[in-house]
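Here is a quick walk through the charged pairs, the greasy surface and one hairpin of the structure shown next. Keep it open while you read.

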Amino acid sequence: MAATVQHDRVRVTVHDDSPELPSPRRAATDETNGRGLFLVTALSDICGMTPDEPAEGTGKAVWFEFNVPPTHTKSPA
């Protein structure tokens, strides 16, 4: 996992060695998994998947980005 901050955006990338791309699904209320991609899609501004380059391996990276609102500081009175 890697996280980078550039100006007002945060990008998180998670890599694994499986070439199988995840697909969103609706988990049943009694299931204990299957919600990760749904949550990433719902909470991020943009997300995607990138297969590894052939020289890098056979896995993939799943990434998401979100905006960081500017911080406002009070000026001294």
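## Ground rules

A residue is called buried under 20% relative accessible area, exposed over 50%, and partly exposed in between, using a 1.4 Å probe and protein chains only. By that yardstick Arg-25, at 39%, is partly exposed.

This is a predicted model, so to speak of local features takes a pLDDT of at least 70, side-chain atom pairs count only at pLDDT 80 or more, and totals for chains, interfaces and linings use all residues. Residues are numbered from 1 along each chain as its sequence is written, and side-chain values use heavy atoms, with hydrogens and water left out.

## Salt bridges

How many salt bridges does a search of the whole structure find? The search turns up 4, a salt bridge being a side-chain nitrogen of Lys or Arg within 4 Å of a carboxyl oxygen of Asp or Glu. One of them pairs Arg-25 with Glu-31, with 3.4 Å between the closest N and O atoms. Glu-31 is partly exposed, at 29% relative accessible area. Elsewhere, Arg-9, Arg-11 and Glu-65 are joined into one network by salt bridges that share partners.

Another salt bridge ties Lys-60 to Asp-16, and here the closest N and O atoms are 2.7 Å apart. This pair links distant parts of the chain: Lys-60 sits in strand S4 and Asp-16 in strand S2, 44 residues apart. (Helices are DSSP runs of H or I with at least four residues, strands are runs of E with at least two, and both are numbered from the N terminus.) Lys-60 counts as buried at 4% relative accessibility, while Asp-16 counts as partly exposed at 34%.

## A look at Glu-65

Glu-65 and Arg-9 bring their side chains together in a salt bridge, 2.9 Å from N to O. Again distant parts of the chain are linked: Glu-65 belongs to strand S4 (residues 60–67), Arg-9 to strand S2 (residues 9–16), and they are 56 residues apart. Is Glu-65 buried or exposed? With 16% relative accessibility, Glu-65 counts as buried. Its partner Arg-9 counts as partly exposed, at 25%.

The two side chains also make a polar contact at 2.9 Å. That term covers a pair of N or O atoms within 3.5 Å; within protein, one must be able to donate a hydrogen and the other to accept it, and residues adjacent in sequence count only if both atoms are side-chain atoms. Setting aside neighbours within four places in sequence, Glu-65 is in contact (heavy atoms within 4.5 Å) with Arg-9, Val-10, Arg-11, Ser-44, Asp-45 and Ile-46.

## The helix end and the loop

Leu-43 lies in helix H1 (residues 36–43) and counts as exposed, with 69% relative accessibility.

Ser-23 is in the loop between S2 and H1, and it is exposed too, at 54%. Ser-23 and Phe-38 are 15 residues apart in sequence, and their C-alpha atoms are 9.1 Å apart in space.

## The S1–S2 hairpin

Strand S1 (residues 2–6) is hardly covered: of its 5 residues, the count of buried ones is 0. S1 runs antiparallel to S2, and 5 bridges join them; two strands pair if DSSP finds at least two bridges between them. Ala-2, for one, stands opposite Thr-13 in S2.

What lies between S1 and S2 in the hairpin? There are 2 residues between the strands, and His-7 in the turn has a positive phi of about 55 degrees.
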